[in-house]
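Colleague: I'd love a close look at one part of this model with you. Could you walk me through it once it is on the screen?

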Amino acid sequence: MIECIIDTHCHLNAIEHWEDALINAIKKGIIEIWIPALLPSDIEQTHKILEKYPDNIKLMCGLHPLYVLPENYIKHLKALEKYLLSNWNSWQISIIGEAG
């Protein structure tokens, strides 16, 4: 029997009632959920979930290839760099990257 599970790619921040989903997952044995932020604009929202459940959430920051177009990828890269450099010590960013 599996005693604990780690979900390494869950867009929990995209679920309207994410807290109910998280509590249900924890009750079912999922001890940790890694949430990818698809774009820099998603990082702050995702971090709010991490702040509330630091023992169960890992934050991944990156750029999703379906949402970053050739004409705007530099803008998104610079925004991601800004978030990472300005918040690296205070935020618990576990993983950098979003492969899609």
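Is Tyr-53 buried or exposed, and what is its relative accessible area?

Modeller: Happy to help, and please keep in mind that this is a predicted model. Tyr-53 has a relative accessible area of 15%, so it counts as buried, the cut-off being under 20%. Its ring takes part in the one aromatic pair that the structure holds. The partner is Trp-18: the ring centres lie 6.1 Å apart and the planes stand at 90°, and because an angle over 60 degrees counts as edge-to-face, that is what we call this pair. Trp-18 is buried too, at a relative accessible area of 19%. The two residues are 35 apart along the chain and link distant parts of it: Trp-18 belongs to helix 1 (residues 18–27), while Tyr-53 sits in the loop between helix 2 (40–52) and strand 3 (57–61).

Now let's look at the neighbours of this pair in the sequence. Lys-52, in helix 2, and Glu-19, in helix 1, are 33 residues apart and also link distant parts of the chain. Their side chains form a salt bridge, with 3.0 Å from N to O, and the count of salt bridges comes to one. Here the surroundings are partly open: Lys-52 is partly exposed at 49% relative accessibility, and Glu-19 is partly exposed at 24%.

Helix 2 has a buried side as well, so to speak, with Pro-40, Asp-42, Ile-43, Thr-46, His-47, Ile-49 and Leu-50 as its buried residues. These pack against helix 1, strand 2 (30–37), strand 3 and helix 3 (73–87).

Key: Residues numbered from 1 in each chain as written. Predicted model: local features only at pLDDT ≥ 70, side-chain atom pairs only at ≥ 80, totals over all residues. Heavy atoms only, no water. Phe/Tyr/Trp six-rings, centres within 6.5 Å; stacked < 30°, edge-to-face > 60°. Helix = DSSP H or I, 4+ residues; strand = E, 2+ residues; numbered from the N terminus. Buried < 20%, exposed > 50% of the residue type's maximum accessible area, 1.4 Å probe, protein only. Contact = heavy atoms within 4.5 Å. Salt bridge = Lys/Arg side-chain N within 4 Å of Asp/Glu carboxyl O.
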